[in-house]
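The following paragraphs lead through a protein model, beginning with overall figures and moving on to individual elements and internal spaces. Please keep the structure in view while reading.

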Amino acid sequence: VYDVSGAASLFYGDLKPAQLRRYVRRNTIDETLPLMTATSKQASPLLRTTTEFPTEYWNDSCAVEELTYGIANGATGATSNPQIVLGVLRKEWSTWRPLLEQLLSAVHPDWDEAQITWALIDEMAVRGAAQLRAIFERETGAGGRKGKGRLSVQTNPQLYRSADAMVQHAVHLQSLAPNIQVKIPATSAGIRAIEEATRRGVSINATVCYTVPQAVAVAEAVERGLRAREADGLPTADMSPVCTLMIGRLDDWLRAAAQRDGVLNDPGDLDWAGIAVFKHAHAVYAARGLDRRVKLLAAAMRHHRHWSELVGGDVIITITAEWARLFNASDVEVRARFADVPPADVVARLRLRCPDFVRAYDEGGLRVDEFDSFGATLQTLRSFIGAYHELLEVVRGVMLPEPTAKHPV
């Protein structure tokens, strides 16, 4: 396992037993988890991804067991959103039910379901950030990239139209732990919120983002916020802005749009759409110097190329535990492919048949005021807000239990 301080390559095989136990305690919460040596033939593909290349792997969940698995396999960060939080609650109901009951009965007996829900989400964030704290402190202490060891927590998805409300929530979430990163959607209001939250010292992670125009707008907003902060004499060196491109969700949307419009695509073409957009966004960032302050992150895995095609890039990939285990059990060769250009004939066909691929791929494909009406944006916001409402229903089920139900999840 790579020593996340960046000071040296530290492998489990180089440690004495007592040192190994201390290292595991600092970097995971489960000393019994099977560990692999990065120099051995048994090293997991994801561990090799993070030790042999500049590519970072984040765990797409804040569930305790899943994050533990991720850290042991090279993960140096984690992400969450309303759907992830709902999943964690269901997977770890025995852990969170007692806390929920305590919040309701003893801590905040007069709070409504929304207040209790956010208290629960805040506690998940605090516990998830604690699991990553050792990585964060080691990286920060070594003067390395400040983005490692952070947990991304999302602002209330219902606030996507209000920049002021998103900023206020972002500032609150940032205050929960020193290694919290705050997810703000790349809607038209979200771009304004990203600039102001950055000015206030929040390390942002732009989400609900699928296109090169959105990624560029995010980076420009971050740059304006950082410059304003620096003009006020405030520090920025400890900030680590990230822009997520939800490449799998873009593929999903293009597939749905093609079905809606009666368009027949060649088999496999749509699986390249998100990859092509991500690699093009990275090229635009590099050409314009936007990558100096903002790092790109790929999210929403749908197949192994969403990981394997990005290996070798100085980028982040966030992967669910389910996909991580599949990748680690696979025979996919771990080698640098990030510089490989997506098949030109595939990109040409996508440009011909999928108008929204063109809008996503071209730097001028969308105006900021069109971000909210892009199909993938609409799909994801509906999904996130729906998951948030399900969270409210879970809390409501404990507050007002159905007499015939065993539990509300």
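Of the 409 residues of the protein, 56% count as buried. The model is a predicted one, and its chain forms 16 helices and eight strands. Among contacts with a separation of 6 or more, 71% are between residues 24 or more positions apart.

Confidence comes next. The average pLDDT of the protein is 89, and 88% of the residues score at least 70. Residues 1–40 have a pLDDT below 50, although this stretch makes 72 contacts in the model beyond near neighbours in sequence. Where pLDDT is low, the predicted coordinates should not be read in detail.

Strand β1, residues 56–59, is a convenient place to start on the elements. In a regular strand the side chains alternate between the two faces of the sheet. In β1, Glu56 and Trp58 point one way, while Tyr57 and Asn59 point the other way. Are these residues buried or exposed? All of them are buried, whichever way they point. The strand runs parallel to β8, residues 316–319, and four bridges join the two. Within this pairing, Asn59 of β1 stands opposite Ile319 of β8.

Helix α3 spans residues 64–72 and is mostly covered, with seven of its nine residues buried. Which residues of α3 are buried? They are Glu66, Leu67, Thr68, Tyr69, Gly70, Ile71 and Ala72. An α-helix has 3.6 residues a turn, so residues three or four places apart point the same way. In α3 the buried residues run without a break from Glu66 to Ala72. Just after the helix, Gly74 takes a positive phi of about 105°.

Positive phi values also occur in residues other than glycine. Val208 has a phi near 50° and lies in the loop between β5 (204–207) and α9 (212–231). The relative accessibility of Val208 is 0%, so this residue counts as buried. Ala300 has a phi near 75° and is found in the loop between β7 and α12 (305–308). Ala300 also counts as buried, because its relative accessibility of 11% is under the cut-off of 20%.

The open and enclosed spaces remain. The largest pocket has a volume of about 400 Å³ and a lining of 26 residues. Asp60, Asn81, Gln83, Ile84 and Thr320 are the lining residues nearest the centre of the pocket. Which elements each supply at least two residues of this lining? They are α4 (82–91), β6 (242–246), β7 (295–299) and α13 (321–328). The largest share, five residues, comes from α4. By class, the pocket lining divides into 10 nonpolar, nine polar and seven charged residues.

How many cavities of 30 Å³ or more does the structure hold? There are two. The largest cavity has a volume of about 110 Å³. Its lining has 15 residues, of which Ser80, Asn81, Val85, Ile121 and Val153 lie nearest the centre. Two or more residues of this lining come from each of α4, α6 (113–141), β3 (150–154) and α16 (375–399). Helix α6 gives the largest share, four residues. The lining of the largest cavity holds 11 nonpolar and four polar residues, and no charged residues.

Helix α4 and residue Asn81 thus appear in the description of both spaces. Asn81 is among the residues nearest the centre of the largest pocket, and it is also among those nearest the centre of the largest cavity. Helix α4 supplies at least two residues to the pocket lining and two or more to the lining of the largest cavity.

The second largest cavity contains about 50 Å³ of space. Its lining is made up of Cys62, Val64, Val88, Glu92, Trp96, Met124, Arg127, Gly128 and Gln131. Here too the largest share, four residues, comes from α6. By class, the residues around the second largest cavity are five nonpolar, two polar and two charged.

Definitions and conventions. Residues numbered from 1 in each chain as written. Predicted model: local features only at pLDDT ≥ 70, side-chain atom pairs only at ≥ 80, totals over all residues. Heavy atoms only, no water. 1 Å grid on protein atoms, 1.4 Å probe; cavity = no way out; pocket = protein on both sides within 12 Å on 5 of 7 lines; lining within 4 Å. Points joined across faces, edges and corners; volume = space filled by probe spheres on them. Nonpolar A, V, L, I, M, F, W, Y, C, P; charged D, E, K, R; others polar. Buried < 20%, exposed > 50% of the residue type's maximum accessible area, 1.4 Å probe, protein only. Pairing = 2+ DSSP bridges. pLDDT = per-residue confidence, 0-100. Contact = heavy atoms within 4.5 Å.
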